[in-house]
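These are my notebook entries on the pockets and the nonpolar surface of one model. I took the pockets before the surface.

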Amino acid sequence: MQVRQLAVRDCYEFTPRQFPDHRGLFTAPFQEAVFRETVGHPLHLAQTNYSYSRRGTIRGIHFADTPPGQAKYVQCLRGSLLDVVVDLRVGSPTFGRWDSVRLDAKSLSAIYVAEGVGHSFIALEDDTAMTYQCSTEFNPAAEHGANPLDPALGLPWPTDIEPILSEKDRDAPTLAQLAAEGRLPSYDACVARYEELRGAISSS
C-alpha cells in the first residue's frame, strides 16, 4: 500500500497493490494497519454511503460540525471522478487550500478526509459509482455545505464538462460567507478531536 499526504493537512491518498491473474484481479483498498500507522488511530465505521452519478455531477462541498465531525474514506468503484478536499478549518496552516485526486475503478485508490475538512467531487463519466466509509452517522443538524463554484476557491472542475448540482449545493454559501457567520470548523477543535481519537487508542 502506497500512502501520499495531500496538500491539505491530515488528508491522505491510499493506493493498494493489485494482483491480477487469469481469473481477474485481487486488491485490498483498505488496510487497517497501514491506516492506523498513517493517521494515528483506526477508522471507526459508523455508516457506509454509496452514490452513482451522471457525468458532470458535482456533490459537495460537504462538512460536519466538529466535534465530533465526520471523517470519510472515499473510493470509486465504477467509472471515474475527480475528488477534492478543501481545508475549511479556521486557523489551520492550510486554511482555504484544496487538493484533488482522480479516483477510478482501475487504480482503486482511496482518499481519507479528516474531520473538519470539506469534501466534494465531480463525476467524469456516466454511471460513476462511489462509496465512502464514515466515522459517524448522518446527522442533518450538524451537516453543512460550502459552494463548490465559489470563485475564491477556484476548484479544478473540468471546463469541458457542464456541471450538474443539486439546488442545495448550488445555493450553498461561499467560504467568505461561512467564515463571516462563524459557521466553519475551528482548527483547534479539530486537532483536539484528532488527539482524543489517538488518546482513546493509547488508553485502551
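**Pockets and a surface patch**

I began with the lining of the largest pocket and found Gln-47, Asn-49, His-62, Gln-70, Lys-72, Tyr-132, Phe-138, Pro-140, Glu-143, His-144 and Lys-168 there. I note that the model is predicted. For the volume of this largest pocket I recorded about 220 Å³.

Next I looked up which strands contribute to that lining. Strand 5 (47–53) and strand 13 (143–145) each give at least two residues to the lining of the largest pocket. Sorted by class, I counted three nonpolar, five polar and three charged residues in the lining of the largest pocket.

I then turned to the second largest pocket, for which I noted a volume of about 160 Å³. Its lining has 14 residues, and I listed Arg-59, Gly-60, His-62, Tyr-132 and Asp-169 as the closest to the pocket centre. His-62 and Tyr-132 also appear in my list for the largest pocket.

Which strand gives the most to the lining of the second largest pocket? I found strand 6, with four residues. Strand 6 spans 58–64, and strand 11 (117–123) likewise supplies at least two residues of this lining. By class, I entered five nonpolar, six polar and three charged residues for the second largest pocket.

Last, I examined the surface. Tyr-50, Tyr-52 and Leu-77 make a nonpolar patch of about 360 Å². I placed Leu-77 in strand 7, residues 72–78. Is Leu-77 buried or exposed? I entered Leu-77 as partly exposed, because its relative accessibility is 45%.

Methods: Residues are numbered from 1 along each chain as its sequence is written. This is a predicted model: local features need pLDDT of at least 70, side-chain atom pairs count only at pLDDT 80 or more; totals for chains, interfaces and linings use all residues. Side-chain values use heavy atoms; hydrogens and water are left out. On a 1 Å grid over the protein atoms alone, a cavity is a set of points where a 1.4 Å probe fits but cannot get out, and a pocket is an open set with protein on both sides within 12 Å along at least five of seven lines; lining residues have an atom within 4 Å of a point. Grid points are joined across faces, edges and corners, and a volume is the space filled by probe spheres set on the points. Ala, Val, Leu, Ile, Met, Phe, Trp, Tyr, Cys and Pro count as nonpolar, Asp, Glu, Lys and Arg as charged, and the others, Gly among them, as polar. Patches are made of residues with over 30% relative accessible area and no salt bridge: like charges are joined within 9 Å, nonpolar side chains (Val, Leu, Ile, Met, Phe, Trp, Tyr) within 5 Å. Accessible areas come from the Shrake-Rupley method with a 1.4 Å probe; for residues, only the protein chains shown count as cover. A salt bridge is a side-chain nitrogen of Lys or Arg within 4 Å of a carboxyl oxygen of Asp or Glu. Buried means under 20% relative accessible area, exposed over 50%, partly exposed in between (1.4 Å probe, protein chains only).
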